[in-house]
Amino acid sequence: IFVNQDISNMKSFTLLALAGSAAAFAPASQQGASTRLQASIEGLPGNTAPIKNFDPLGLANIGSDETLAWFRAAEIKHSRVAMLATTGYIVQASGIHFPGMLSKDISFESLSSMKPFDAWDAVPDAGKAQILGTIFVAELASESQGTHYMKGGAFPTIVFPPVDFSGVSAETIKLKQNRELNNGRLAMISIMSFIAANNVPGSVPALSGIDMF
């Protein structure tokens, strides 16, 4: 997995998309709407110590229950992508690579000697198109499974490989969901710090002086 400098632009675009999509929902006019949403937050996975219901901007009270479901689905997806990106960056920075050739002129070994951002830049356009195409297909698949999560359906699941949790107890499922969200939140902070360190030298003191940043 490689991360390039365009991610910072993609993050900005994503934030704008989040704001635009949230605005598409009419704010709840009933006086009890905020109370219902607050109750919904308390029942969602990820509401764990040390800071429960951490929402300083009050985003959970924007719109309706459908809006809250959209925010939660977005958090789950961004958490999973961030965990993959963080792991990929560390693997790449450690020099671990596949054997063989990526293309006729580029070997995986040559990419492993580069910084992750530089390695992404070195990937042929056809390779980048395949990666983005796979992401697009996975997004379509996760959004097309039965009843949509904004209409009361299940939140997006892992597309590949599919995992069957039907035999797992509710308590275990919630514990694993809490762990996934908390690890994902940490991963989002991590990958943002990697991007900052790569683009703004010295912006992340803990990463200063490390060659791959």
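The legends below describe close-up views of a predicted model of one protein chain.

**View 1. The whole chain is built from helices.** The secondary structure of the protein chain consists of seven helices and zero strands. Read from the N terminus, the order of elements is α-α-α-α-α-α-α. Of the 213 residues in the protein chain, 30% are buried. Among contacts with a separation of 6 or more, 68% join residues 24 or more positions apart. The accessible surface of the protein chain is about 13400 Å², and carbon and sulfur atoms account for 64% of that surface.

**View 2. The largest nonpolar core holds 12 residues.** The members of this core are A82, A85, Y89, F117, A187, I191, F194, I195, A197, V204, L207 and F213. Two elements, helix 3 (65-93) and helix 7, each give two or more residues to this core. Helix 7 supplies the largest share, five residues.

**View 3. L207 is a member of the largest nonpolar core.** Leaving aside residues up to four places away in sequence, L207 touches S193, F194, A197 and F213. Of these contacts, F194, A197 and F213 are also listed in the largest nonpolar core.

**View 4. Another core lies apart from the largest one.** This other core has five residues. Among them are W70, F71, A73 and M150.

**View 5. N178 is in helix 7.** Helix 7 covers residues 170-199, and N178 has its place there. The relative accessible area of N178 is 14%. Buried means under 20% relative accessible area, so N178 counts as buried. Not counting residues up to four places away in sequence, N178 touches P45, G46, N47 and T48. Helix 7, where N178 is placed, is also the element that gives five residues to the largest nonpolar core.

**View 6. P116 is in helix 5.** Helix 5 covers residues 116-122, and P116 is found in this helix. P116 is buried because its relative accessible area is 0%, and the cut-off for buried is under 20%. P116 and V91 are 25 residues apart along the chain. The C-alpha atoms of P116 and V91 are separated by 9.4 Å.

Notes
Residues numbered from 1 in each chain as written. Predicted model: local features only at pLDDT ≥ 70, side-chain atom pairs only at ≥ 80, totals over all residues. Heavy atoms only, no water. Helix = DSSP H or I, 4+ residues; strand = E, 2+ residues; numbered from the N terminus. Buried < 20%, exposed > 50% of the residue type's maximum accessible area, 1.4 Å probe, protein only. Contact = heavy atoms within 4.5 Å. Areas by Shrake-Rupley, 256 points an atom, 1.4 Å probe, with all protein chains shown as cover. Core = buried A, V, L, I, M, F, W, Y, C linked by side-chain atoms within 4.5 Å.
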